[in-house]
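Please open the model in your viewer and keep the sequence panel beside it, since this tour moves from one selection to the next. Each stop suggests what to select and then describes what is there.

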Amino acid sequence: MPAKHCESAVVIENQPVADGIFRMVAWWPYPVQAGQFFMVRGWDRFPLLSRPISVHDADGERVVFLYEVRGEGTRLLSEKKPGETVLLSGPAGNGFPTGQIRGKVAVVSGGIGIAPLLLTVKALSGCAVTLCCGFRDKSYGLDAFRPYVQEIRVATDSGKEGHKGFVTDLLDPADFDAVITCGPEVMMEKLARDCIAKQVVCYVSMERHMACGVGACLGCTHHTAHGAKCVCKDGPVFRGEELYA
Ligand SMILES: Cc1cc2nc3c(=O)[nH]c(=O)nc-3n(C[C@H](O)[C@H](O)[C@H](O)COP(=O)(O)OP(=O)(O)OC[C@H]3O[C@@H](n4cnc5c(N)ncnc54)[C@H](O)[C@@H]3O)c2cc1C
Ligand code: FES
């Protein structure tokens with residue numbers, strides 16, 4: 001697992017890519033793994049806590065975040081200008097075990113759950129990847145995925161783009177050797193239960209409110225088949241059957 005650091009990182013770019021969705025690039029000359037995240041802070045005192053944001057992409061020099069403006073923390077991040085700094089603590093969490101995954105892989109996202117999946121599909125080289133992604137009205141960020149996936153299937157709630165309905169309508173897990181997912185918990189639970197029923201390996205990236213991000217406060221504890229686990233330290237990635245069997 002890559003070593004953790006807590007450092008000020010200089011922002012290189014921070015631009016909107018869709019309504020309320022920003023892409024931030026910052027200098028980060030350390031290794032990171034697909035599915036890991038950082039505790040990010042772009043302000044002084046308030047809000048008190050740093051915010052967990054996944055690694056969208058990284059190349060050993062830069063790290064990229066794709067984030068949705070939800071409240072005060074992400075609003076302050078969206079105001080960062082190139083040359084200003086953000087405090088990054090991480091990389092945190094376990095990430096997806098991409099080296100153990102082979103064959104046909106479905107990568108399934110809901111909304112901003114697409115964020116950790118770009119570095120993930122890049123790390124799945126040698127696999128045949130189908131990206132299934134759900135959005136409210138309109139897709140974003142998909143061009144970056146195209147060189148690394150065989151197919152992209154889109155669902156929207158409104159039907160303005162792709163299939164009108166749930167992203168889970170876009171695939172049958174039985175057609176794949178493995179499924180990777182990040183998005184709303186209700187979507188991931190439905191998909192993971194389907195995978196369990198069809199005996200397909202499924203990796204789920206969980207979201208929880210996080211205070212420390214290092215397993216100290218127990219604020220992000222989640223019940224699993226192996227007892228209570230910290231999503232920040234033992235996750236955020238879990239096997240589907242650990243959570244839902
Ligand atoms: C491991 C992990 C990785 C994440 N990666 C990304 C990412 O790559 N891009 C991205 O846009 N977001 C990501 N998130 C969610 C992000 O952390 C929250 O949106 C952010 O903390 C909101 O902070 P805020 O101050 O803007 O909003 P707040 O004022 O703190 O909250 C605004 C609203 O968002 C809800 N919310 C806040 N934090 C969370 C959370 N952790 N889970 C669910 N709901 C929450 C609150 O209940 C409230 O309704 C991730 C969360 C986790 C746990
Ligand atoms: S956020 Fe503190 S233990 Fe996970």
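Begin by selecting V129, which lies in strand β9, residues 128-135, and keep in mind throughout that this is a predicted model. V129 counts as buried because 24 C-beta neighbours lie inside 10 Å of it, the cut-off for that label being 20 or more. Leaving aside residues up to four places away in sequence, V129 touches V105, V107, V121, L124, Y148, V149 and Q150. If you add Y148 to the selection, you will find its C-alpha atom 7.6 Å from that of V129, although the two residues are 19 residues apart along the chain.

Move next to V105, one of the residues that V129 touches. Not counting residues up to four places away in sequence, V105 touches L124, C127, A128 and V129, and also F176, D177, A178 and I180. V105 also belongs to the largest nonpolar core, which has 70 residues, and V105, V107, V179 and C202 are those with the most contacts inside it. At least three residues of this core come from each of domain 1 (5-92) and domain 2 (98-244). In soluble globular proteins, nonpolar side chains tend to be buried together.

Now display the strands around this selection. β9 is part of an open sheet of 7 strands with mixed pairing, in the order β11-β10-β9-β8-β12-β13-β16. The edge strands, β11 (163-164) and β16 (237-239), each pair on one side only. Within the sheet, β8 (residues 104-110) and β12 (residues 178-182) run parallel and are joined by 5 bridges, and selecting S109 leads you to its bridge partner in β12, C182.

Turn then to the other sheet, which is also open and consists of 7 strands, here with antiparallel pairing, in the order β4-β3-β7-β1-β2-β6-β5. β4 and β5 stand at its edges with a single partner strand each, so one side of each is left without a neighbour in the sheet. To follow one of these edges, select β5 together with β6, which run antiparallel and are joined by 2 bridges; D57 has V64 in β6 as its bridge partner.

Colour the model by domain for the next stop, using the assignment of domain 1 (5-92) and domain 2 (98-244). The centres of the two domains, taken over C-alpha atoms, are separated by 21 Å, and 20 residues of domain 1 are in contact with 19 residues of domain 2. On the side of domain 1 that touches domain 2, at least two residues are supplied by each of β1 (5-18), β3 (37-41), β4 (51-54), β5 (57-58), β6 (62-68) and β7 (85-92), with the largest share, 3 residues, coming from β6. By class, that side of domain 1 has 13 nonpolar, 5 polar and 2 charged residues.

Finish at ligand 1. Which residues come nearest to ligand 1? Of the 21 residues around ligand 1, these are S54, G71, G73, T74 and A115. Two or more residues of the shell are given by each of β4, β6 and α1 (72-78), and β4 gives the most, with 4 residues. The shell divides into 10 nonpolar, 5 polar and 6 charged residues. Because domain 1 (5-92) and domain 2 (98-244) both give residues to this shell, ligand 1 lies between them.

How values were computed:
Residues are numbered from 1 along each chain as its sequence is written. Chains are lettered from A and ligands numbered from 1 in the order in which they are written. This is a predicted model: local features need pLDDT of at least 70, side-chain atom pairs count only at pLDDT 80 or more; totals for chains, interfaces and linings use all residues. A nonpolar core is a set of buried Ala, Val, Leu, Ile, Met, Phe, Trp, Tyr and Cys residues joined through C-beta atoms within 7 Å. A residue is buried if 20 or more other C-beta atoms lie within 10 Å of its own, exposed if 12 or fewer, and partly exposed in between; C-beta atoms are placed from the backbone. Domain bounds come from an automatic or database domain assignment. Two residues are in contact if their C-beta atoms, placed from the backbone, lie within 7 Å. Ala, Val, Leu, Ile, Met, Phe, Trp, Tyr, Cys and Pro count as nonpolar, Asp, Glu, Lys and Arg as charged, and the others, Gly among them, as polar. A residue is near a molecule or strand if its C-beta atom, placed from the backbone, lies within 6 Å of it. Two strands pair if DSSP finds at least two bridges between them.
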